[in-house]
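Reader: I should be grateful for a close look at a single part of this model. Please keep the account connected, and state the cut-offs behind each term.

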Amino acid sequence: MTLTAPEFTTGTTGLQDRIDALADRAALTDLIDRYLLSLDARRFDDAWARGLFTPDVRITSPVGTEEGIDGLAASQAATMAKFERTQHIGTNYVMDIAGDRATVRWNALMTHVHLASTRAVRGSGPGEHFTVGGTFAGEVVRTAGGWRFRRLDIRAVWTHGEGPLVLTPEAEETLRSLRSL
């Protein structure tokens with residue numbers, strides 16, 4: 001079969017659209033993975049925040065709500081400092097991409113190894129940890145620097161073990177509600 005000019009143009013436009021969609025999906029998957037890995041690497045600074053979030057970001061989690069990028073790195077560092085080590089694993093990514101906006105959702109398994117000081121207070125041994133199964137859902141926008149989270153809603157679905165010694169009121173309420181299930 002010989003392709004005429006209109007057929008050739010239509011075919012490549014469709015192919016380019018599919019390539020663009022796959023490239024966006026790969027970029028969004030990379031954003032999610034970089035975010036989760038960054039939580040475990042614990043290098044939070046302004047560059048970290050600008051590389052993952054828009055200036056007007058809103059993050060809701062069992063720990064509380066953060067609005068805006070200013071102070072986000074320090075807040076995240078304080079939250080993660082409650083644990084000796086962590087591991088965040090994401091799976092089942094679902095994305096709905098519409099131009100320069102996308103909604104994303106994924107499941108996560110989050111393991112938090114307690115600090116030695118926490119284990120000493122509780123009389124527990126090395127490796128004692130707190131595990132959370134949860135979901136992440138958010139809005140992502142394309143910026144000049146690439147895709148960034150604009151909204152992120154983190155929800156705990158279940159927990160195993162005891163949380164950190166010091167909890168925010170929101171975290172206390174989350175744990176109380178999950179225990180009643």
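Author: **A hairpin and its surroundings**

Strands β5 and β6 form a hairpin with two residues between them. Strands (E, at least two residues) and helices (H or I, at least four) are DSSP runs, numbered from the N terminus. The model is predicted: local features need pLDDT of at least 70, side-chain atom pairs count only at pLDDT 80 or more, and totals for chains, interfaces and linings use all residues. Residues are numbered from 1 along each chain as its sequence is written, and side-chain values use heavy atoms, with hydrogens and water left out.

Within the hairpin, β5 and β6 run antiparallel and are joined by 13 bridges; two strands pair if DSSP finds at least two bridges between them. One such position is G138, which stands opposite L152 in β6. Strand β6 (residues 146–160) is also joined to β1 (residues 53–61), by four bridges, and these two run parallel. There, F53 has F149 of β6 as its bridge partner.

T135 lies in β5 (residues 129–143). T135 is buried, because its relative accessible area is 14%; buried means under 20%, exposed over 50% and partly exposed in between, with a 1.4 Å probe and protein chains only. Beyond its neighbours within four places in sequence, T135 is in contact (heavy atoms within 4.5 Å) with R105, W106, N107, D153, I154, R155 and V157.

In helix α5 (residues 169–179), A171, L175 and L178 are buried. They lie on the same side of α5, because they cover an arc of only 65° around the axis, taken from the directions from the helix axis to the C-beta atoms. The cover over the buried residues of α5 includes β5 and β6.
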